[in-house]
Amino acid sequence: MISLAGDVGGLRLRNPLMLAAGILGTTGASLARAGREGAGAVVTKSVGLTPRDGHPGPTVVRIGVGLINAMGLPNPSYLAFQQEIDLAREGGVPVVASVFGSDPSEFSQVASGLVADAFELNLSCPHAERYGAEIGCQPANVEEVTRAVKRAVGAPVWVKLTPNVSDIVGLGLAAQQGGADAVVAINTLKAMAIDVESGYPILGNRFGGLSGPAIKPVAIRCVYELSAALDIPVIGVGGVGCWQDAAEMILAGASAVQIGTALSGGYQVFRDIAAGLSKYLVRKDMTLEEMRGLARRRS
Ligand code: SIN
């Protein structure tokens with residue numbers, strides 16, 4: 001069996017597949033299960049300074065090509081979350097804490113108040129006032145927040161970027177300049193759905209973030225552009241549901257791949273994708289390293 005192990009963004013991974021933030025990441029038990037079911041690392045739900053209920057419901061709507069969520073960053077605050085991270089560690093793989101804040105000092109306070117294997121900075125949620133993409137669409141903010149968290153914690157820092165901008169590479173370069181160990185691309189695309197009978201927007205918050213198969217081509221393009229421009233690893237996320245999707249991300253230049261919406265089909269997705277990737281590498285007589293970014297070298 002060909003090895004899928006490697007070093008990504010300051011972590012040693014047994015395979016390049018991770019549970020994406022927000023999906024089954026609220027409890028330590030579900031995070032640990034993802035580790036036991038084959039993920040190479042797991043990312044928690046985003047946590048912030050104080051408890052939040054999130055947006056009024058409905059918070060999720062399934063559409064033909066994916067899901068639109070407007071959860072609104074519900075979380076119990078970092079003060080009540082360490083126990084979940086500790087439990088998640090029982091899954092036997094690195095646990096990455098996703099954190100959010102409204103400015104560099106909030107981000108730093110939350111991250112330095114947690115012990116995790118790495119931190120993923122949510123500078124990209126498209127539907128939470130004062131947080132996420134509202135800050136993360138400006139390169140200067142991305143750099144400042146990244147630098148502050150890097151100073152505050154001893155663990156690797158990854159920055160999750162928004163695709164809802166005209167120049168995601170500018171954001172990636174800002175994260176790199178601030179000292180990020182990796183960027184994660186992409187968060188959801190700002191979206192909405194309307195009920196045609198009532199005429200009302202379906203989501204309580206009206207706007208949410210689209211995930212699932214529809215956004216994969218956008219994610220692939222972002223990974224391709226970012227990995228061409230940056231010296232730090234790019235972790236791809238967006239619409240990955242099968243090994244071919246993961247392969248496409250790696251060919252575009254991703255060092256690892258996160259899986260989110262596809263988890264609605266069960267945890268088996270990690271083992272299925274790992275098996276498909278291994279067979280592909282054997283068939284192509286390639287290593288993972290040789291595969292990474294091949295599409296760029298062929299363009
Ligand atoms: C949420 O919890 O509101 C989703 C987080 C995100 O889109 O980054």
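A polar contact here is a pair of N or O atoms within 3.5 Å, and that cut-off is the one to keep in mind at the first stop of this tour, which runs through a predicted model.

**The ligand and its surroundings**

Begin by selecting the ligand together with Lys45, Asn69, Met71, Gly72, Leu73, Pro74, Asn122, Cys125, Pro126, His127 and Asn187, the residues that surround it. With these displayed, look for the backbone of leucine 73, where a polar atom is 2.8 Å from an oxygen atom of the ligand; the backbone of glycine 72 likewise offers a polar atom, at 2.9 Å from a ligand oxygen. A side chain takes part as well, since a polar side-chain atom of asparagine 122 lies 2.9 Å from an oxygen atom of the ligand. If you then switch on a surface, bear in mind that the ligand on its own has 260 Å² of accessible area, of which the protein covers 91%.

**Asparagine 122**

Keep asparagine 122 selected and show strand 8, residues 118-122, in which it is placed. Asparagine 122 counts as buried because its relative accessibility is 7%, and the threshold for that label is under 20%. Its side chain makes a polar contact with the side chain of serine 46, at 3.1 Å. When residues up to four places away in sequence are set aside, asparagine 122 touches Ser46, Leu73, Ser98, Val99, Phe100, Phe107, Gly132 and Asn187.

**A hairpin**

Asn69, already on screen as one of the residues around the ligand, leads to the next selection, for asparagine 69 in strand 6 is the bridge partner of valine 60. Show strand 5 (residues 60-63) with strand 6 (residues 66-69), which pair in the antiparallel sense over 4 bridges; the two strands form a hairpin, with 2 residues between them.

**Strand 14 and its neighbours**

Move now to strand 14, residues 256-259, where Ala256 and Gln258 point one way, Val257 and Ile259 point the other way, and all of them are buried. Strand 14 can be followed in two directions through its bridges. Strand 3 runs parallel to strand 14 and is joined to it by 3 bridges, with methionine 18 having glutamine 258 as its bridge partner. Strand 13 (residues 234-237) also pairs with strand 14 in the parallel sense, over 3 bridges, and here glycine 236 is partnered by valine 257.

**Arginine 14**

Step back along the chain to the loop between strand 2 (11-13) and strand 3 (17-19), where arginine 14 lies. Arginine 14 is described as partly exposed because its relative accessible area is 43%. Its side chain reaches the backbone oxygen of glycine 35 at 2.5 Å, and, leaving aside neighbours within four places in sequence, arginine 14 is in contact with Leu4, Ala5, Gly35, Gly38, Ala39, Gly40 and Val93. To check the backbone separation, pick the C-alpha atoms of arginine 14 and alanine 39, which are 25 residues apart along the chain and separated by 8.5 Å.

**The nonpolar core and helix 9**

Next, colour the largest nonpolar core, which holds 81 residues; the members that touch the most others are Val99, Leu114, Phe119, Leu121, Phe270, Leu277 and Met291. Helix 9 (residues 269-284) gives the most to this core, with 7 residues. Another core, of 16 residues, lies apart from it and has among its members Val8, Leu11, Ala118 and Trp158.

Centre the view on phenylalanine 270, which, beyond residues up to four places away in sequence, touches Leu17, Met18, Leu19, Ala34, Glu37, Gly38, Ala39, Ile259 and Leu263. Then select serine 278, which is also placed in helix 9. Serine 278 counts as buried because its relative accessibility is 4%, and its contacts, again without residues up to four places away, are Met1, Ile2 and Leu4.

**Helix 6**

The last stop is helix 6 (residues 168-177), which is mostly covered, with 7 of its 10 residues buried. Select Ile168, Val169, Gly170, Leu171, Gly172, Ala174 and Ala175, which are those buried residues, and they will be seen to pack against helix 4 (133-136), helix 5 (139-152), strand 9 (157-160), strand 10 (182-185) and helix 7 (216-229). At the start of helix 6, a side-chain oxygen of aspartate 167 reaches to within 3.2 Å of the backbone nitrogen of valine 169, while after the helix comes glycine 179, whose phi is positive, near 105 degrees.

Technical notes:
Residues numbered from 1 in each chain as written. Predicted model: local features only at pLDDT ≥ 70, side-chain atom pairs only at ≥ 80, totals over all residues. Heavy atoms only, no water. Core = buried A, V, L, I, M, F, W, Y, C linked by side-chain atoms within 4.5 Å. Buried < 20%, exposed > 50% of the residue type's maximum accessible area, 1.4 Å probe, protein only. Contact = heavy atoms within 4.5 Å. Polar contact = N/O pair within 3.5 Å; in protein donor to acceptor, adjacent residues only side chain to side chain. Near = heavy atom within 4 Å. Areas by Shrake-Rupley, 256 points an atom, 1.4 Å probe, with all protein chains shown as cover. Pairing = 2+ DSSP bridges.
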